[in-house]
Amino acid sequence: MILDRYIIREVLKPLGAVSGVLVGIFMSYTWARYLADAVEGLLAPEIVWALVLLRAVIALEVLLSITLYLSVVLALGRLHTDHEMIALAASGVSPLRVVRTTLILSLAVGAVVGALSLYVRPWAYEQSYRLRAKASNEFDLARIDAGRFYRNQAGGHVIFVDRVGPSGDTVQGVFIQRDDGDRVQIISAQQAHQVRDPQSDQRVFVLEDGREYRFGRTGREPGQNPDRDRVLTFRTLHVSLGDEATTLDYRRKAAPTARLARSADPMDIAELQWRLFTPISAVLLALLGVPLSHTAPRRGRQAKLITAMLIYAAYYFVTAMAKTWMEKGMIGAVPGLWAIHAALAIVIVVLLWPPAWLQRHFR
């Protein structure tokens, strides 16, 4: 147990530092996305910070996996470069003992990642969508300048007005595009003004003389899904940029895991498999870090770090691509993401399979 605690402690040391750095970088990147809206007054500072924190919570399931993976490579790489692995082997300690200890730690971290993926992730997405809708409802048409495109990162929409009316409270030549991930809505109107709904206390756009285009995202081109694609001509249209997004639309990323398990939609299945395999990825990547950490003495503790990062980048890219193919119906639930993780597991077994002389010294 002393040896097990020592190995776990050595892995946990870089785990905290690396995870802090990755979370900080991700939050800085997310803050930069919303910074333009905050500077122009389209987003309140408190909403920006809430969205940044929620996005960081969503990213934790991936960041913890890569952090554990890199921590195993760094910690065990140090044991190799400092000749401690040689000392352990001379004492009769098999490398399988290190693998077993790493597996125990990875299972604990995988349980945390599983809770984040299955429960915290949909909750964080739901709260994020609500905040985005709130930001959309607080959008003031009087703030924007004519002849300029405004893209609200939080609300997920783009607004353009050609010119401001003579009275100053109306705009002319209005273009609005909304993209919520599952549906694209495009509205073009001759003129518009804004009123406040007395019941909901939300700002509502009153658009006049225009057209509305709606295209559903189902992995097919627009026009190939007549049940969700439509074109409307209107004289007057009332639009609330945030209200409909929170009450009517189905958001699979915010859907409970149990609901996804009952669905036969390819996009729901892809989202479900992503949630289920995230904790499995954490365990597999940690075990992969054991053979990747093998470093010759005096080569440096970070000798295999770049190789490990390139391998992870390729693995993540292939997994994300397979998920996209599932959403578009190009591949089914089987093999789905199963094939990628099964292939990684086979590679790990081949790399860790010990020769007979190591098995005789296994303790």
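Leu68, Tyr69 and Leu76 touch the most other members of the largest nonpolar core, a set of 49 residues. Seven helices, α1, α2, α3 (84-90), α4, α7, α8 and α9, each supply at least two residues of this core. Keep in mind as you look around that this is a predicted model. With that in view, here is a short tour, topic by topic.

**Nonpolar cores**
- Leucine 76 is a good place to start looking: leaving aside residues up to four places away in sequence, leucine 76 touches Ile7, Met85, Val98, Thr102, Val290 and Ser293.
- A second core of 13 residues is separate from the largest one, and its members include Val161, Val171, Phe234 and Leu237.
- As background, nonpolar side chains tend to be buried together in soluble globular proteins.

**The protein as a whole**
- The protein has 10 helices and six strands.
- Its chain has 363 residues, and 47% of them count as buried.
- Among contacts with a separation of 6 or more, 64% are between residues 24 or more positions apart.
- About 18500 Å² of the protein is exposed, and carbon and sulfur atoms supply 62% of that area.

**Salt bridges**
- How many salt bridges does a search of the whole structure find? The search finds 12, and three of them are described below.
- Within helix α1 (residues 2-39), glutamate 10 and lysine 13 sit three residues apart, about one turn of the helix. Their side chains meet in a salt bridge, with an N to O distance of 3.2 Å.
- Is glutamate 10 buried or exposed? Glutamate 10 counts as buried because its relative accessible area is 9%, while the cut-off for buried is under 20%.
- Arginine 121 and glutamate 61 form another salt bridge through their side chains, at 2.7 Å from N to O. This pair links distant parts of the chain, as arginine 121 lies in helix α4 (residues 95-137) and glutamate 61 lies in helix α2 (residues 45-81), 60 residues apart. Both arginine 121 and glutamate 61 are buried.
- The side chains of aspartate 268 and arginine 252 also meet in a salt bridge, at 2.9 Å from N to O. Here the link runs between helix α7 (residues 266-292), which holds aspartate 268, and the loop between α5 (243-247) and α6 (257-261), which holds arginine 252; the two are 16 residues apart. Aspartate 268 and arginine 252 are both buried.
- Some salt bridges share partners, and in this way Glu61, Arg121, Glu271 and Arg275 are joined into one network.

**Backbone details worth a look**
- Where is the cis peptide bond that has an omega of about 15°? This cis bond joins valine 334 and proline 335. Proline 335 is found in the loop between α8 (305-327) and α9 (338-352).
- Aspartate 209 is not a glycine, yet it has a positive phi of about 55°.
- In the fold, aspartate 209 belongs to strand β5 (residues 203-216).
- Why does aspartate 209 count as partly exposed? Its relative accessibility is 36%, and partly exposed covers the range between the buried cut-off of 20% and the exposed cut-off of 50%.

Conventions. Residues numbered from 1 in each chain as written. Predicted model: local features only at pLDDT ≥ 70, side-chain atom pairs only at ≥ 80, totals over all residues. Heavy atoms only, no water. Helix = DSSP H or I, 4+ residues; strand = E, 2+ residues; numbered from the N terminus. Buried < 20%, exposed > 50% of the residue type's maximum accessible area, 1.4 Å probe, protein only. Contact = heavy atoms within 4.5 Å. Areas by Shrake-Rupley, 256 points an atom, 1.4 Å probe, with all protein chains shown as cover. Salt bridge = Lys/Arg side-chain N within 4 Å of Asp/Glu carboxyl O. Core = buried A, V, L, I, M, F, W, Y, C linked by side-chain atoms within 4.5 Å.
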